[in-house]
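Thanks, everyone. Let's take a quick walk through one fold. Please look at the screen.

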Amino acid sequence: MDRARPRLSRRRLLKGAALAAVPYALLPEPRAGAQSAAVDYPPAEWHAASSSNYTASVRPGDYTIDRVIIHVTQETFTDTLAIFSDPQKKVSAHYVVRSADGHVAQCVHETDIAWHAGNWGYNTRSIGIEHEGWIDQPAYFTDALYEESAKLTAAICAKYRIPRDREHIIGHYQVPGTDHTDPGPYWDWVRYIRMVNFA
């Protein structure tokens with residue numbers, strides 16, 4: 001028996017498509033990585049370091065966090081993120097702050113141990129913040145970089161009850177055994193600590 005197929009109107013097609021899409025609309029947004037939505041500092045963008053470049057941990061349960069270490073990248077923001085993503089580099093920091101606008105990228109979760117200080121004891125007890133620029137080029141230390149970094153450091157200090165002073169917010173050069181000199185002579189510590197305290 002030869003029957004004619006029922007004709008589908010445009011309205012029926014659209015109605016069916018809408019009903020088919022409903023379950024997908026209720027699903028969470030797809031994520032680039034398993035931890036992409038789980039930044040520790042809400043204004044930050046997640047940009048994962050390679051898991052070969054840090055140690056998984058459960059801080060502060062495993063280790064007390066009592067320091068923030070300030071670094072200068074000696075690279076561009078983009079190149080720094082690429083270095084942290086490269087499993088061959090064996091280096092990372094928790095955060096990177098861009099010079100031009102103070103944009104913050106998080107590369108390692110605060111619970112994990114970033115490899116930024118060159119000293120295992122200091123790595124286990126600190127949060128590392130890299131700042132885009134070069135130690136001998138103070139133009140990279142913009143108002144936006146200082147402002148956004150100070151807000152980030154203030155949030156970390158509040159979360160872990162770290163005193164907002166120079167004993168607990170230190171430069172990479174202050175880490176025992178380091179050969180680094182960052183953040184260098186042009187980093188304005190007086191201004192920075194004041195901004196952290198007023199953030």
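I'll go from the sheet to helix α4, then to the cores, the salt bridges and one loop residue.

First, a caution. This is a predicted model.

Start with the sheet. It is open and has six strands. The order is β1-β5-β4-β7-β3-β8, and the pairing is mixed. Which strands sit at the edges? Those are β1 and β8, and each pairs on one side only. Now look at β4 and β7. They pair in the parallel sense, over three bridges. Valine 96 stands opposite glutamate 130 in β7.

Next, what lies across this sheet? Helix α4 does, over β3, β4, β5, β7 and β8. It runs at about 175° to β7. Helix α5 packs on the sheet too, touching β3, β7 and β8. The direction of α5 makes about 155° with that of β8.

Stay with α4, residues 143–160. The helix has 18 residues. From first C-alpha to last it reaches 26 Å, close to the 26 Å expected at 1.5 Å a residue. Its buried residues include Leu145, Tyr146, Ser149, Leu152, Thr153, Ile156 and Tyr160. Look at the numbering, and keep the helical repeat in mind. An α-helix has 3.6 residues a turn, so residues three or four places apart point the same way. What covers the buried residues of α4? The cover includes β3, β4, β5, β7, β8 and α5. Just after the helix, arginine 161 takes a positive phi of about 55°.

Now the cores. The largest nonpolar core has 29 residues. Tyr95, Leu152, Ile156, Ile169, Trp187 and Tyr192 touch the most other members. At least two residues each come from β3, β4, β7, α4 and α5. Which element gives the most? That is α4, with eight residues. Apart from this core lies another, of 11 residues. Ala49, Phe84, Ala105 and Cys107 are among them.

On to charges. How many salt bridges are there? The count comes to six. I'll show three.

One joins arginine 125 and aspartate 66, with the closest N and O atoms 2.9 Å apart. Arginine 125 is in helix α3, aspartate 66 in the loop between β2 and β3. That links distant parts of the chain, 59 residues apart. Arginine 125 is partly exposed, at 25% relative accessible area. There is a network here as well: salt bridges link Asp66, Arg67 and Arg125.

Another joins glutamate 110 and lysine 159, at 3.0 Å, N to O. Glutamate 110 sits in the loop between β5 and β6, and lysine 159 is in α4, so the pair ties together parts 49 residues apart in sequence. Buried or exposed, for glutamate 110? Buried, with a relative accessible area of 1%. Lysine 159 is partly exposed, at 43%.

The last one I'll show joins arginine 191 and aspartate 143, at 2.7 Å, N to O. Here arginine 191 is in α5 and aspartate 143 in α4, so parts 48 residues apart in sequence are tied together. Arginine 191 is partly exposed at 23%. Aspartate 143 also counts as partly exposed, at 47%.

One loop residue to finish. Valine 39 is in the loop between α1 and β1. Its C-alpha atom is separated by 6.8 Å from that of glutamine 106, which is 67 residues apart along the chain. Leaving out residues up to four places away in sequence, valine 39 touches Ala44, Glu45, Trp46, Gln106 and His109.

That's my tour. Over to you.

Notes
Residues are numbered from 1 along each chain as its sequence is written. This is a predicted model: local features need pLDDT of at least 70, side-chain atom pairs count only at pLDDT 80 or more; totals for chains, interfaces and linings use all residues. Side-chain values use heavy atoms; hydrogens and water are left out. Helices (H or I, at least four residues) and strands (E, at least two) are DSSP runs, numbered from the N terminus. Contact means heavy atoms within 4.5 Å. A nonpolar core is a set of buried Ala, Val, Leu, Ile, Met, Phe, Trp, Tyr and Cys residues joined through side-chain atoms within 4.5 Å. Buried means under 20% relative accessible area, exposed over 50%, partly exposed in between (1.4 Å probe, protein chains only). The expected span of a helix is 1.5 Å times one less than its number of residues. Two strands pair if DSSP finds at least two bridges between them. Axes are lines fitted to C-alpha atoms, for helices over the stretch in contact, and angles run from 0 to 180 degrees between N-to-C directions. A salt bridge is a side-chain nitrogen of Lys or Arg within 4 Å of a carboxyl oxygen of Asp or Glu.
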